[in-house]
Amino acid sequence: MLSSTRPTRRAAARTLQATAGVAAVALALTACGGGSDEGSGEEDGPITLKVATFNDFGYTDEMLASYTDEHPNVTVEQVKAATSDDARANLTTKLAAGGDGLADIEAIEVDWLPELMQYPDLFTDLTDPELDGRWVDWKVQQATTTEGKVIGYGTDIGPEAVCYRADLFEEAGLPTDREEVAELLGGDDATWEDYFAAGRKFVKKSDSAWYDSVGGTFQGMVNQLPAAFEDPETGEPKDLASNTDVKDIYDQITGSVDDELSAGLIQWEADWDAGFQKDAFATMLCPGWMTGAVEERAGGVEGWDVANVFPGGGGNWGGSFLTVPETGAHTEAAKELAAWLTDPAQQTKAFEAAGTFPSQLEAQDSEAVQASTNAFFNDAPVGEIFSERAQSIDGAPFKGANYFAIRDEVTNALNRVDVTKSQDADKAWDEAVEKAAALG
């Protein structure tokens, strides 16, 4: 799920600004001792389990109340942070302080894993042979340490399509039918050049920009690289100055800025929120969880639709996990709840509530998901679209301990070119290279 109503998930992330650098987080977590086993067993008396999430995981009050119906001794309380940045800051700060004040279950975004996996003793081992085969393999691998410890149960994944404003397309003389739009963007063989070329046609006939954010676009593109910033064999950062794969993406995006395709916004900030009501842009890269974020901000705006296409092949943006901090008072009960929240039945309900596409194979194949449509997006068959998009995902890219920080330096450089317009593309890149090198 990726931020502000779910980037990074969802992310989320989505999430374009780190709340702390890798070095700061590493120092903080190193200072934290291991958790206690105190109170880790199941209790017969009444207990309250807190679940810390961010944005919208699709965990409705009705869903959580149904768990209490099945477990009368357990009351479930959801604590929801406004953004994934807020949640990450809370988690790392409290882990560094020994874990006091953490929820029994802490939701995390996939991009936090490279840092958190360095400290597996801070989390309860969620390994359970009875759950083998529940998730797509690469989702499980993301949260499994080299020693085989599972620190998180997968919630959603972020297979990507393209969301677009059919009404703005029509005004610009472009096709509006979702199948025709998919072909406009390149169809099964869509490339990023196809996407930007369609954008150049659009902006010639429209006062709106083609896409919303250089940061969001970069996230979608860089996630297609098998190992964007680090050597998967050693985990060591690649030299950004000679990283031609990332630089090629950077050049494509800054070239699209020169062509005035970007709305110059930063996702999850107030101007981006307002842009949905101001016809600021016509398309955006759209993982399944993003549909909820769009509908929340674009309420009352007609014309949104989803095209079953994604440039460059398959793409996954975001996805989250539920972890159980080792210092919790009820870790066994929390583990049971985390398993319940991520079983196919609950993840299907979460998809229906918030558009969070499930990482569970059974949920993906369920009738509820396959037949799901979204009224706000012109009754688009979102279940079918995102299921097909998920099939094009080959696996998870390698993200080491430095991924988060290096990615943010490149994103910041793009924002200096497009949002603040404080630097040209060359100077912004040079600064990113310098700051990435300084990370050590």
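Ala-52 of strand β1 stands opposite Val-79 in β2, in a predicted model where local features need pLDDT of at least 70, side-chain atom pairs count only at pLDDT 80 or more, and totals for chains, interfaces and linings use all residues. Residues are numbered from 1 along each chain as its sequence is written, and side-chain values use heavy atoms, with hydrogens and water left out.

**Strands around β1**

Strand β1 (residues 47–54) and strand β2 (residues 74–81) pair in the parallel sense over eight bridges, where pairing requires that DSSP finds at least two bridges between two strands. Helices (H or I, at least four residues) and strands (E, at least two) are DSSP runs, numbered from the N terminus. Between these two strands the chain passes through helix α2 (residues 61–70), and the resulting β-α-β crossover is right-handed, a term that applies if, with the strands pointing away from the viewer, the path from the first strand over the helix to the second runs clockwise. Strand β1 is also joined to strand β3 (residues 105–109), again in parallel, by two bridges, and within this pairing Val-51 has Ile-105 as its partner in β3. Six of the eight residues of β1 are buried, so the strand is largely enclosed by the rest of the structure; buried means under 20% relative accessible area, exposed over 50%, and partly exposed in between (1.4 Å probe, protein chains only).

**The disulfide and strands β4 and β7**

Taking a disulfide as a pair of cysteine sulfur atoms within 2.5 Å, the count comes to one. Cys-163 and Cys-286 form this link, with their sulfur atoms 2.1 Å apart, and the value of -65° about the S-S bond makes the link left-handed. The pair connects distant parts of the chain, since Cys-163 belongs to strand β4 (residues 153–165) and Cys-286 to strand β6 (residues 281–287), 123 residues apart. Both cysteines are buried.

Strand β4 also runs antiparallel to β7, to which four bridges join it, and Val-162 stands opposite Ala-307 in β7. In a regular strand the side chains alternate between the two faces of the sheet. In strand β7 (residues 304–307), Trp-304 and Val-306 point one way while Asp-305 and Ala-307 point the other way, and all are buried.

**Pocket and cavity**

Both terms rest on a 1 Å grid over the protein atoms alone: a cavity is a set of points where a 1.4 Å probe fits but cannot get out, whereas a pocket is an open set with protein on both sides within 12 Å along at least five of seven lines, and lining residues have an atom within 4 Å of a point. Grid points are joined across faces, edges and corners, and a volume is the space filled by probe spheres set on the points.

The largest pocket has a volume of about 630 Å³, and of the 22 residues that line it, Pro-114, Met-117, Gln-142, Phe-398 and Lys-399 are the closest to its centre. The elements that give two or more residues to this lining are α4 (113–116) and α5 (137–142), with α5 supplying the largest share, three residues.

The largest cavity has a volume of about 50 Å³, and its lining includes Trp-138, Gln-142, Asn-316 and Lys-399. Here the elements that give two or more residues are α5 and β8 (316–323). The table sets out both linings by class, where Ala, Val, Leu, Ile, Met, Phe, Trp, Tyr, Cys and Pro count as nonpolar, Asp, Glu, Lys and Arg as charged, and the others, Gly among them, as polar.

| Lining | Nonpolar | Polar | Charged |
|---|---|---|---|
| Largest pocket | ten residues | nine residues | three residues |
| Largest cavity | four residues | four residues | one residue |

**Helix α17 and single loop residues**

Seven of the ten residues of helix α17 (residues 382–391) are buried, so this helix is largely enclosed by the rest of the structure; among them are Val-382, Ile-385, Phe-386 and Arg-389.

Trp-268, in the loop between α10 (244–258) and α11 (270–275), has a phi near 80°, a positive value in a residue other than glycine, and at 9% relative accessibility Trp-268 counts as buried. Lys-421, in the loop between α18 (403–418) and α19 (425–438), likewise has a positive phi, of about 55°, although it is not a glycine, but Lys-421 is exposed, with a relative accessible area of 57%. Ala-329, in the loop between β8 and α13 (331–341), is partly exposed at 40%.
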